[in-house]
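Trainee: Please pick one part of this model and go through it closely. I would like to see how it begins, how it ends and what it touches.

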Amino acid sequence: MRLPVGPRLNEFYELFAEAGANALEAARAAEARFRDFPGGTTQERIKELEHEGDRITGELIALINGQYVTPFDRDDLFNLAGAVDDVVDAIENATELLGLYDVEHPTKQSLEQCAILVRAVEQLEQLLRTLKGKRGSAPEVAEIKRLEDEGDRITRAAVGSLFEDERIDPLIVIRWKEIYESLEEAIDACETSAHRIGNILVKNA
């Protein structure tokens, strides 16, 4: 008896597309939270998106474990699901630090990082939404790498600026250094996801 595997294969793609859309909503919410802090988008909203990411990841893992036939290598699917979930986790962590450290207002560099993050996750969302039928190289992977390089440059400049004025309170230096590095971790997580997609596409070309 032949099992109807087709509809279940489509479910993989649907869930990855859903994960990408959720990550993009989280990135845009993070940009709004930084831009409007201490008003505007609440941390509770971003936490909701992080929980939604966990739900989607859980469904993906259950689907991978429960299906005999998968669209790609099982380990590759596990790794990709975890990597996309890490993007939203890193975003939630970075935005939480604003309230935890009770900063007065965002810095120019943090807003630049948020803009880079949104652009990177836009590319990731597009990759995940169009994953079905993709093979070989994808321009989005290269663009995310370029954005990650730009994010690195902004982070280094931002951290360096904290040490230029000896009059700055050391606690402020420590707090903003961690915030900058947390935003960079979110961008890095996006690049990791893109690399995993790139590897899947090349292996299945």
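Mentor: Just after helix 3, Asp102 takes a positive phi of about 50° (helices are DSSP runs of H or I, at least four residues, numbered from the N terminus). This is a positive value in a residue other than glycine, and Asp102 sits in the loop between helix 3 and helix 4 (108-129). The model is predicted, with local features needing pLDDT of at least 70 and side-chain atom pairs counting only at pLDDT 80 or more, while totals for chains, interfaces and linings use all residues. Residues are numbered from 1 along each chain as its sequence is written, and side-chain values use heavy atoms, without hydrogens and water.

Now helix 3 itself, residues 74-100. Its 27 residues should span 39 Å at 1.5 Å a residue, and its end C-alpha atoms are 39 Å apart, which agrees (the expected span is 1.5 Å times one less than the number of residues).

What does helix 3 pack against? Helix 2 and helix 3 pack at an angle of about 170°, with axes 9 Å apart. Helix 2 is therefore roughly antiparallel to helix 3 (over 145 degrees; under 35 is roughly parallel, 65 to 115 roughly perpendicular, the rest oblique). On the helix 2 side, the contact (heavy atoms within 4.5 Å) involves residues including Gln43, Ile46, Leu49, Gly53, Thr57, Leu60, Ile61 and Ile64. From helix 3 it involves Arg74, Leu77, Phe78, Ala81, Asp85, Val88, Asp89, Glu92, Thr95 and Glu96.

Ahead of helix 3 comes Phe72, in the loop between helix 2 (43-66) and helix 3. Tyr13 and Phe72 form an edge-to-face aromatic pair, 6.2 Å centre to centre with 90° between the planes (ring centres within 6.5 Å; planes under 30 degrees apart are stacked, over 60 edge-to-face, the rest tilted). Tyr13 lies in helix 1 (residues 6-36), so the pair ties together parts that are 59 residues apart in sequence. The structure holds 2 aromatic pairs.

Before helix 2, the loop between helix 1 and helix 2 contains Pro38. A cis peptide bond joins Phe37 and Pro38, with omega about 10°.

Further along the chain, helix 5 (residues 139-162) and helix 6 (residues 170-203) pack at about 170°, with their axes 9 Å apart. Helix 5 is therefore roughly antiparallel to helix 6. Among the residues in this contact are Val141, Ile144, Glu148 and Leu162 of helix 5, and Val173, Trp176, Tyr180 and Gly198 of helix 6.

Note on methods: Axes are lines fitted to C-alpha atoms, for helices over the stretch in contact, and angles run from 0 to 180 degrees between N-to-C directions. Helices (H or I, at least four residues) and strands (E, at least two) are DSSP runs, numbered from the N terminus. Rings of Phe, Tyr and Trp (its six-membered ring) pair if their centres lie within 6.5 Å; planes under 30 degrees apart count as stacked, over 60 as edge-to-face and the rest as tilted.
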